[in-house]
Amino acid sequence: MSNFIFYREPREAQLQGFELAKDKEYWFHNWDPRTGKTKEIYDQFRYNYDVGRVTALVVIAFPSDVHLVWRDEAPKDLPPDFLDKTKMLIWRPGKMGTKSARAAIDDLASHQ
């Protein structure tokens with residue numbers, strides 16, 4: 001069992017997934033929709049960030065509008081002090097060539 005302090009208590013399946021993958025260099029989740037993978041992946045990200053293994057999380061979400069779940073769940077699953085030091089960019093095909101989108105990409109790329 002990890003000493004990791006969860007911001008929001010995980011369900012049993014989320015805790016099992018966390019414990020199974022938390023110290024692995026690579027892992028793959030193939031969970032069904034609406035089973036809590038967003039929280040479990042955010043927990044994995046924060047744990048691995050805290051121990052110095054990762055500095056970024058890239059989520060590719062399909063179908064359309066699933067990205068909104070990831071955006072909306074972040075404040076529920078990541079503590080405010082951690083969320084304050086993160087950057088999130090929602091990639092929107094067809095919109096990424098605009099001046100404001102390029103500025104957001106540059107801001108994300110230079111974030112430390």
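**Helix H2 and the nonpolar cores**

In this predicted model, the cover over the buried residues of H2 includes helix H1 (12-21), H3 and helix H4 (80-84); contact here means heavy atoms within 4.5 Å, buried means under 20% relative accessible area and exposed over 50%, with partly exposed in between (1.4 Å probe, protein chains only), and helices are DSSP runs (H or I, at least four residues) numbered from the N terminus. Local features need pLDDT of at least 70 and side-chain atom pairs count only at pLDDT 80 or more, while totals for chains, interfaces and linings use all residues. Residues are numbered from 1 along each chain as its sequence is written, and side-chain values use heavy atoms, with hydrogens and water left out.

Eleven of the 14 residues of H2 are buried, so this helix is largely enclosed by the rest of the structure. Among the buried ones are Thr38, Glu40, Asp43 and Arg46. After H2 comes Gly52, with a positive phi near 85°.

Turning to the interior, the largest nonpolar core (buried Ala, Val, Leu, Ile, Met, Phe, Trp, Tyr and Cys joined through side-chain atoms within 4.5 Å) consists of seven residues: Ile41, Tyr42, Phe45, Trp70, Ala74, Leu78 and Phe82. At least two residues of this core come from each of helix H2 (37-50) and helix H3 (67-77), and H2 gives the most, with three. Leaving aside residues up to four places away in sequence, Phe45 touches Val54, Thr55, Ala56, Leu57 and Phe82. A second, separate core of five residues includes Phe4, Phe6, Leu15 and Phe18.

Phe62, by contrast, lies in the loop between H2 and H3 and counts as exposed because its relative accessibility is 69%.
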